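Reader: Hi! I have a structure open here and I'd love to walk through it with you. Could you help me find my way around?

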Amino acid sequence: MIHQYKLNGYNIVIDTYSGAVHVVDDLAYDMIALFEEKSEAQIHAAMAEQHPEISEADIQETYNAIRKLKEDKQLFTEDSFKDLSFNLKKRKTYLKALCLNVAHTCNLTCDYCFASQGKYHGERALMSEEVGKRAIDFLIENSGFHRNLDVDFFGGEPLMNWKVVKKIVAYARGKEAASKKNFRFTLTTNGLLLNDEVIDFLNKEMHNVVLSLDGRKEVHDRLRKTINGKGSYDYIVPKFQKFVQKRGDKEYYIRGTYTHNNVDFTNDIFHMADLGFDRLSMEPVITDPKEPYALTNEDLPEIYHQYEILAKEMLRRNAEGNGFIFYHYMLNLSEGPCIQKRISGCGSGTEYLAVTPTGELFPCHQFVGDASSSLGNVWDGLKNTELQEQFKESNCYSKPECQDCWAKLYCSGGCPANSYHVTGSINGNYPFSCDVFRKRIECAMMIKVAESMHELEKSDQVVQ
Amino acid sequence: MRRIISLNTLDLRETAKHGGHGECQTSCQSACKTSCGVANQDCAAPAER
């Protein structure tokens, strides 16, 4: 399977099952489109008609080059991963990550919060030190061969349970040597409770910190309000700037959500960059379609346009030396994820679980509060093995709609929680999300192509 | 004139032989939380390839 498209002056061809990416001229682009459908003679005739300025010898040479790529399994590569996909379903999985919902409460009342203002449709609650420590032990006990273990402090607003966060980190660090595990902590915060002590601790202990900001003041304040109904932008932006200034080279993301209210969301991303932030993420809102701020299919053409604007502007700013990272445009083509990772995806329900303040286990943070998705608890372990098996068997090869999608090895079949909330099944299909995802990959790949071509021009070495 | 330029990419079929060690970051732990993207992650042990 291949995907070919034109963007920003580049003709790009992606070979799904090898991962190869080719940049081609118009002749090769048109020829590749016909290659599997027509005979060699028919292709020659069609190219001679479409490209009368090109010699027969050049057409033959290009045809031979495409055929060679196919022989080398760099183009039109057959799917050889179906058996691997089947084996992955049968494999023994071990836990490697926990999302600790340390606070089912929040000091903001964001309209679009999937966690129902932190309460997850239940009572307000804070995780106790005892539950947190037991969760760490549960993770170690069930982590098998995994050495690196990820723990995310999430909520609600995790800094509303700050003392327990610190105690859990200290407890886990104390367990690292004896258990031969390495903990990587992440914390997601709205920033209201950031102060010098918190900043210094986070910069010392957190592998990654996610700071929630939606962009321009009017956009951010419209939906991210304090309990008094005031916008939170003016409170948090100076704190975020201070945090990032002290963060050094360590990982962080300014993460926003865009909605129907700001389909021109690139202006919010550029606003973040202009505030001095250089690691950015912006995601489409996931919400009930009845909400006035819900994104619609009618928004899609503008959303596509915005992602193209973003990619081109990132290239421009990079060239000027004031570039930034956009999370969904990060692609590591030469040292990226293996095929096992690309098929098995986020690991929700198997390698990755969420823990509530009371110690209840769910497949991920987005299933918390859905009683039918409860998997067990950190004391008694996983009890709902039938549901866990469903997650284990769900990947891009188990979803019928993914079979003909060129992007399936970039998204692993998409977010199971989104599928579940839209269709009622983790193997369902959420077309809007797929459309947005494919566009993001097209733009991300265009950036990689542009960077590669720029490097090539500099080195004047062409590799085929 | 060069009509086809191939980028330097990892061959996914090759990764099937040595991949799956599971030391990479869990995708939702980074800046995601509401979608699933795995292709933008790094392998935690490229030297093993």
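**A chat about strands, loops and a shared surface**

Author: Happy to! Let's start with one pair of residues: A:Arg255 has A:Ser281, in β10(A), as its bridge partner. Keep in mind that this is a predicted model.

Reader: Okay, which strands does that pairing belong to, and how do they run?

Author: Strand β9 (residues 251-258) of chain A and β10(A) run parallel, joined by five bridges. To get from β9(A) to β10(A), the chain passes through helix α10 (residues 266-274) of chain A, and this β-α-β crossover is right-handed.

Reader: What about β10(A) and β11(A), how do they pair?

Author: β10(A) pairs with strand β11 (residues 325-326) of chain A in the parallel sense, over two bridges. In β11(A), A:Phe326 stands opposite A:Leu280. There is a helix to look for here too: β10(A), helix α11 (residues 300-320) of chain A and β11(A) form a right-handed β-α-β unit.

Reader: Why is β10(A) described as largely enclosed?

Author: Strand β10 (residues 279-284) of chain A has six residues and five of them are buried, so the rest of the structure largely encloses it.

Reader: Cool. Which residues have the most contacts inside the largest nonpolar core?

Author: They are A:Leu98, A:Leu100, A:Ala135, A:Leu280, A:Leu353 and A:Val355, in a core of 135 residues. Helix α16 (residues 431-459) of chain A gives the most to this core, with ten residues.

Reader: Could you pick one of those, say A:Leu100? What does it touch?

Author: Leaving out residues up to four places away in sequence, A:Leu100 touches several residues, including A:Met127, A:Ala135, A:Phe153, A:Ile168 and A:Val355.

Reader: And A:Leu456, is it buried, partly exposed or exposed?

Author: A:Leu456 is in helix α16 of chain A. A:Leu456 has 16 other C-beta atoms within 10 Å, so it is partly exposed; a residue would need 20 or more to count as buried. For a sense of distance, A:Leu456 and A:Gly345 are 111 residues apart in sequence, and their C-alpha atoms are 33 Å apart in space.

Reader: New topic! Does UniProt say anything about chain A?

Author: An unreviewed UniProt entry lists residues 92-322 of chain A as "domain: Radical SAM core". In the model, the chain over residues 92-322 of chain A is 40% helix and 20% strand, with 46 Å between the end C-alpha atoms.

Reader: Any odd backbone spots I should look at?

Author: Let me give you the background for that. Most residues other than glycine have a negative phi, and most peptide bonds are trans. A:Tyr120 is not a glycine, yet its phi is positive, about 50°. A:His121 also has a positive phi, near 65°.

Reader: Where do those two sit? Buried or exposed?

Author: A:Tyr120 lies in the loop between β4 (97-104) and β5 (125-126) of chain A, and A:His121 lies in the loop between β4 and β5 of chain A as well. A:Tyr120 is buried, because 27 other C-beta atoms lie within 10 Å. A:His121 counts as exposed because it has 12 C-beta neighbours inside 10 Å.

Reader: And where is there a cis peptide bond?

Author: Look between A:Gly155 and A:Gly156, where omega is about 10°. A:Gly156 is in the loop between β6 (148-155) and α6 (162-179) of chain A.

Reader: I keep forgetting chain B! What's in it?

Author: Chain B has one helix and one strand, and 55% of its 49 residues count as buried.

Reader: How many residues of chain B are in contact with chain A?

Author: 39 residues of chain B are in contact with 68 residues of chain A. α1(B) gives four residues, the largest share of the side of chain B that touches chain A. That side has 15 nonpolar, 17 polar and seven charged residues.

Reader: What does β1(B) pair with?

Author: Strand β3 (residues 21-24) of chain A pairs with β1(B) in the antiparallel sense, over three bridges. B:Ile5 in β1(B) is the bridge partner of A:Val23.

Reader: Last one: what does B:Gly20 touch?

Author: B:Gly20, in the segment after α1 of chain B, touches A:Cys338 and A:Gln340, not counting residues up to four places away in sequence. B:Gly20 counts as partly exposed, because it has 17 C-beta neighbours inside 10 Å.

Notes: Residues are numbered from 1 along each chain as its sequence is written. Chains are lettered from A and ligands numbered from 1 in the order in which they are written. This is a predicted model: local features need pLDDT of at least 70, side-chain atom pairs count only at pLDDT 80 or more; totals for chains, interfaces and linings use all residues. Two residues are in contact if their C-beta atoms, placed from the backbone, lie within 7 Å. Ala, Val, Leu, Ile, Met, Phe, Trp, Tyr, Cys and Pro count as nonpolar, Asp, Glu, Lys and Arg as charged, and the others, Gly among them, as polar. Two strands pair if DSSP finds at least two bridges between them. A crossover is right-handed if, with the strands pointing away from the viewer, the path from the first strand over the helix to the second runs clockwise. A nonpolar core is a set of buried Ala, Val, Leu, Ile, Met, Phe, Trp, Tyr and Cys residues joined through C-beta atoms within 7 Å. UniProt positions are given in the numbering used here, feature names are shortened, and annotations may be inferred rather than shown by experiment.
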